[in-house]
Amino acid sequence: MYVIIKCRKCGRYLYADQDNKTRQCVCGAVIKLKNAVVYDSAATEREAGDKVRALQEGESMGDHFSFHTFNK
Ligand SMILES: [Zn+2]
């Protein structure tokens with residue numbers, strides 16, 4: 001089981017094996033899983049990666065901007 005968490009320092013979404021106690025972000029911050037807010041969970045690492053990507057994209061696009069306008 002994997003959990004989707006967010007780094008408090010840089011705001012990136014990350015996934016971590018639920019059995020782990022900590023997860024280190026690419027920015028260097030170490031997140032304690034028991035203190036982290038869990039946004040989602042996934043059964044496989046691949047699914048977890050997809051969910052992280054979807055969350056990250058949703059956040060960086062925001063509400064005022066959408067790629068759909070370019071796909072007509
Ligand atoms: Zn970070």
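**Strand order, core and an exposed cysteine**

Read from one end of the sequence to the other, the protein follows the pattern β-β-β-β-β-α. That makes for one helix and five strands in its secondary structure. The model discussed here is a predicted one. Of the 72 residues of the protein, 15% count as buried. Among contacts between residues at least 6 apart in sequence, 44% join residues at least 24 apart.

A good place to begin is β1, which is mostly covered, with five of its five residues buried. The cover extends to both faces of β1: Tyr2, Ile4 and Lys6 are buried on one side, and Val3 and Ile5 are buried on the other. This strand has partners in both β2 and β5. With β2, β1 runs antiparallel and is joined by five bridges; within this pairing, Ile4 stands opposite Tyr15. The two strands form a hairpin with six residues between them, and Gly11 in the turn has a positive phi of about 85°. With β5 (residues 38–42), β1 also pairs in the antiparallel sense, here over four bridges. The bridge partner of Tyr2 in β5 is Ala42.

Contacts of Val3 help to fill in the surroundings of β1. Neighbours within four places in sequence aside, Val3 is in contact with Tyr15, Ala16, Gln18, Leu33, Val38 and Ser41.

Several of these residues reappear in the nonpolar core. The largest such core has ten residues, namely Tyr2, Val3, Ile4, Ile5, Tyr13, Leu14, Tyr15, Ala16, Ala48 and Val52. At least two residues of this core come from each of β1 (2–6), β2 (13–17) and α1 (45–61). The helix is thus represented alongside the two strands of the hairpin.

The picture changes at Cys27, which is found in the loop between β3 (22–24) and β4 (30–32). Is Cys27 buried or exposed? Cys27 counts as exposed because it has 10 C-beta neighbours inside 10 Å, and the cut-off for an exposed residue is 12 or fewer. Exposed as Cys27 is, it still has contacts beyond its neighbours within four places in sequence: Cys7, Lys9 and Cys10. Arg12 lies 15 residues from Cys27 along the chain, and the C-alpha atoms of the two are separated by 8.9 Å.

Notes:
Residues are numbered from 1 along each chain as its sequence is written. This is a predicted model: local features need pLDDT of at least 70, side-chain atom pairs count only at pLDDT 80 or more; totals for chains, interfaces and linings use all residues. A residue is buried if 20 or more other C-beta atoms lie within 10 Å of its own, exposed if 12 or fewer, and partly exposed in between; C-beta atoms are placed from the backbone. Two residues are in contact if their C-beta atoms, placed from the backbone, lie within 7 Å. A nonpolar core is a set of buried Ala, Val, Leu, Ile, Met, Phe, Trp, Tyr and Cys residues joined through C-beta atoms within 7 Å. Two strands pair if DSSP finds at least two bridges between them.
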